[in-house]
Amino acid sequence: MFGPPGSGKGTQASRVAVRLGVPHVAAGDMLRSEVARDTALGREAKPIMDAGGLVPDDLVVRMIDARLNEPDATNGVLLDGFPRTVPQAVALDTMLAARHEKVDDVISLEVHDDELKARILKRATTEGRSDDTAEGLAQRLIVYRQDTAPVLDHYRNGSTRIEAINGVGDIDVITERIIESLKHNGVALRSA
Ligand code: AMP
């Protein structure tokens, strides 16, 4: 699940993972859990996350690699917020190749900047995430454009399907757009 900060990646990924019957693996949630548990990784990640930057690739790659070794990941996962840089995408290709797997689909949620800003500032009042500030968002959008948007080009050159989804509108309608796109591409889904 790919998209800018505030595009609804997390919300949609948790719904779509249920339909795919695979675990929802959210890099940001895993990092927030490391911070909450005050682990070595959490202590290193917190100031970077609060400033809207990216946690170093090697740390995130190791965290995701370990997650993919968990028994529930055997039949695949829905990754959310990973890979976020081209080196992470290359590392993921290597990790998956070692397991005779690959990235089948990239679901790309498309939302324009004004809508992203409005959503994040609204989320700041409800979820209390420490990076949901005007400055944090501005920095995350810069990082998204610079480091994360090129990840889509990485997949454009391979055999991965890219599903471009309009991410503006009612949450249920957006989920349905994703489901229809996956069905159209022959992906097997569980009933709702
Ligand atoms: P998210 O919940 O996906 O918005 O992620 C929150 C924050 O966690 C990001 O702004 C980054 O600081 C950090 N983060 C999440 N995923 C990654 C990743 N794949 N690589 C580096 N940093 C990440």
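## Salt bridges

The structure contains 18 salt bridges, a salt bridge being a side-chain nitrogen of Lys or Arg within 4 Å of a carboxyl oxygen of Asp or Glu. The model is predicted: local features need pLDDT of at least 70, side-chain atom pairs count only at pLDDT 80 or more, and totals for chains, interfaces and linings use all residues. Residues are numbered from 1 along each chain as its sequence is written, and side-chain values use heavy atoms, with hydrogens and water left out.

One network of salt bridges links Arg123, Arg129, Asp131, Asp132 and Arg140. Within this network, Asp131 is bridged to Arg129 with an N to O distance of 3.0 Å, and to Arg140 at 3.7 Å, N to O. Arg140 also forms a salt bridge with Asp132, where the N to O distance is 2.8 Å.

## Burial of the network residues

Asp131 has a relative accessibility of 8% and therefore counts as buried; the term means under 20% relative accessible area, against over 50% for exposed and values in between for partly exposed (1.4 Å probe, protein chains only). Asp132 is likewise buried, at 5% relative accessibility, and Arg140 is buried with a relative accessible area of 10%. The salt bridge between Arg140 and Asp131 thus joins two residues that are both buried.

## Aromatic pair

The whole structure yields 1 aromatic pair, for which the ring centres of Phe, Tyr or Trp (its six-membered ring) must lie within 6.5 Å. Phe2 and Tyr144 make up this pair, with 6.1 Å from centre to centre and 50° between the planes, and the arrangement is tilted; planes under 30 degrees apart would count as stacked, over 60 as edge-to-face and the rest as tilted.

Phe2 lies in the segment before helix H1 (9-20) and Tyr144 in helix H7 (residues 134-156), so the pair ties together parts that are 142 residues apart in sequence. Helices are DSSP runs (H or I, at least four residues), numbered from the N terminus. Both Phe2 and Tyr144 are buried.

## Packing of H1 and H8

The axes of H1 and helix H8 (residues 171-184) come within 10 Å and cross at roughly 45°; axes are lines fitted to C-alpha atoms over the stretch in contact, and angles run from 0 to 180 degrees between N-to-C directions. H1 and H8 are therefore oblique to each other, since angles under 35 degrees count as roughly parallel, over 145 as roughly antiparallel, 65 to 115 as roughly perpendicular and the rest as oblique.

On the H1 side, the contact (heavy atoms within 4.5 Å) is made by Thr11, Gln12, Arg15, Val16, Arg19 and Leu20. H8 contributes Ile171, Asp172, Ile174, Thr175, Ile178, Ile179 and Leu182.

Note on methods
Helix = DSSP H or I, 4+ residues; strand = E, 2+ residues; numbered from the N terminus.
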